[in-house]
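Visitor: Please give a close account of the strand pairing in this model. I should also like to know which side-chain contacts accompany it.

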Amino acid sequence: AAAKKEKADDCKSGDCDDGLGPPSDLKAVLEKVPEEVVKTAPEGPMGNGNRHFTGPVWVRAIERTHGPKHWDFYFTLWRKVNSKKYEMLKFEDCNGTGQYVPGKSEKVLRSKTALKRFLERFEASRRKDRAKAEANAKAKAKAAAEKNSEAKPEPAAAAPRTPSPAESPAKAADGKRGKKRVESEIESDDDDLDLRDGLVVGGYHDLVVATAAEDIPDERIRLSTPAASVIVRDVPGESDADGEYRCVVTSKQGEEFLCDYVVVALPLGVLQGRSRESEVSFDPPLSRRKRSAIAALGMGTENKVVLRFERCFWPAKARFLNCTDQRYRFINMHAYGKPGVIVAHVAPPFGEGFAGRSDDQVKDDVIEILRKMMKMVKQPTPALLDWQVTRWAEDPWSCGAYSYMRVGSDEDDVRALGEPEHGGRVLFAGEACSLEGAQCVHGAVITGQLAAVTVAMRTGATPTMGHLLGGDVGLSHELPNFEWVQCKERGCGKWRRLPAWGDPE
């Protein structure tokens, strides 16, 4: 009776019999926070501060008793063995791919992004396993039925016929073909997820900018306010407790912004002073090492010609198209969900100024090449609805499209460009400051978040990977773990933050 009761407890989660609970509500995963779980959910049978979060995921909450009181939260995975026993799953390589891999190295999920990624992969795998089990059961039942039918007298055989090409291949007596068909149907669950090529088709505003600005009041964000100078005051001491601001940023209109730290995320071409309209001065001047790096690195240009037609007249599913004219390469935005849109990438040297041609001339040249590629010499071209030609080198606010290590420069110049200046008061970020993400958006995001984390830690905050855009992949390295200790000097008693590897004494 006890065994039956335990089995019944295991089956309370519905169809799930693997001890990992019902399919998780991913919407609830994004809305629920560990603090709510701690307040509403009792501690689980495994103890040690574990409270149920969703599905196989539990939150382990630890209340800090020293320093400013706060909770530390860790996500852990548990499988229900029976009504009284749970076992923790050992897993690895979960933060990177969200894939469950049994192993000896135990890791915890550090962010909701990693948690959601894991649950998506985990439940997709569980659905496939369940579907395969059902398919195997049906195949066995069919084989048993055919075996039983062999013992019965069969009716007169029908005349043989050849299956038509429209039909599926002849079903084998052992049901193998049927099994393959079922498995192909199972695999079709992931047909809508194509990881071969990824493209942000709606722009980065909602994905990056709006997400990062969620908790910042609108009046604290100033747009269309070009900076003219960055001044770092010569104030003695490193502390900000005296209320004196260390930095002043002055706009082109003469408006002053007082602050303790400045994060400079200007494009390399702007730092190089290619346009007087966007030039920014620094007082005191930047170090010789910084100025040498700015001069050594190159700012390249790649432009685009965007065309939107009334209808697609090129291969609709081909993502990329090439031609014998080496000036252009095409990306088919129609295949990425932008109907009738195709983009021509224009690389140097032709992309640097288009050999003096106007935008209309460049547009007409690209359309003519497309017509020849599609052999439409004698056919009318579908109506052109919209078009755009970029000229990044002529844009004073970018002065180019991407940075690169030109002849004579090396990785040390990239590192020097990303180093802080003036005692750590002026920090630098952007794709040009990144080795692993140069020329890419993620390079700008990672270096920007590193600068933000550096400022936060210098002002006494304790940021975690969960605070970052992208969670565990939001930085190129892990953040240090900090301990808060109280000073034992007589008459002091202040709480101070200490790296985990430091000696509390």
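Guide: Two strands are said to pair if DSSP finds at least two bridges between them. Helices (H or I, at least four residues) and strands (E, at least two) are DSSP runs, numbered from the N terminus. The model is predicted: local features need pLDDT of at least 70 and side-chain atom pairs pLDDT 80 or more, while totals for chains, interfaces and linings use all residues. Residues are numbered from 1 along each chain as its sequence is written, and side-chain values use heavy atoms, without hydrogens or water.

The account may begin with one pair of strands. Strand β13, residues 328–332, runs antiparallel to strand β14, residues 341–346, and 5 bridges join the two. Within this pairing, Ile331 faces Val343 of β14. Both strands belong to an open sheet of 5 strands, whose order is β12-β13-β14-β11-β15 and whose pairing is antiparallel. At its edges stand β12 (320–322) and β15 (384–389), each of which pairs on one side only. From one strand to the next, the twist averages 20 degrees; axes here are lines fitted to C-alpha atoms (for helices, over the stretch in contact), with angles from 0 to 180 degrees between N-to-C directions.

Charged side chains can be followed from here. Arg327 and Asp325 form a salt bridge, with N and O 2.7 Å apart; the term denotes a side-chain nitrogen of Lys or Arg within 4 Å of a carboxyl oxygen of Asp or Glu. Arg327 has a relative accessible area of 22% and is therefore partly exposed; the class lies between buried (under 20%) and exposed (over 50%), with a 1.4 Å probe and protein chains only. Asp325, at 21% relative accessibility, is also counted as partly exposed.

A second sheet offers a contrast in pairing. Here 4 strands form an open sheet in the order β7-β6-β5-β9, and the pairing is mixed. Because β7 and β9 (281–283) each have a single partner strand, one side of each is left without a neighbour in the sheet, and the two stand at the edges. On average, neighbouring strands of this sheet are turned by 15 degrees against each other, direction ignored. Strands β5 and β9 run parallel and are joined by 3 bridges. One bridge sets Val230 against its partner Phe282 in β9.

Phe282 also leads from the sheet to the packing of nonpolar side chains. The largest nonpolar core has 23 residues, of which Phe282, Leu417 and Phe428 touch the most other members; such a core is a set of buried Ala, Val, Leu, Ile, Met, Phe, Trp, Tyr and Cys residues joined through side-chain atoms within 4.5 Å. Two or more residues of this core come from each of β5 (227–232), β6 (247–251), β8 (262–264), α8 (268–271), α9 (288–296), α11 (411–418) and β17 (426–428). Helix α11 provides the largest share, 3 residues.

Helix α11 carries a charged pair as well. Glu411 and Arg415 both lie in this helix, 4 residues apart, which is about one turn. Their side chains meet in a salt bridge at 3.3 Å from N to O. Both residues are partly exposed, Glu411 at 40% relative accessibility and Arg415 at 43%. Elsewhere, Asp325, Arg327, Arg357 and Asp365 are joined into one network by salt bridges that share partners.

In total, the structure holds 14 salt bridges. One of them joins Arg222 to Glu255, with the closest N and O atoms 2.9 Å apart. This pair connects distant parts of the chain, 33 residues apart: Arg222 sits in the loop between α7 and β5, and Glu255 in the loop between β6 and β7 (256–259). Arg222 counts as partly exposed because its relative accessibility is 43%, and Glu255, with a relative accessible area of 34%, is likewise partly exposed.

One further strand pair remains. Strand β1 (residues 50–54) and strand β2 (residues 57–63) run antiparallel to each other and share 4 bridges. His52 has Trp58 of β2 as its bridge partner. The two strands form a hairpin with 2 residues between them, and in this hairpin Gly55 adopts a positive phi near 50 degrees.
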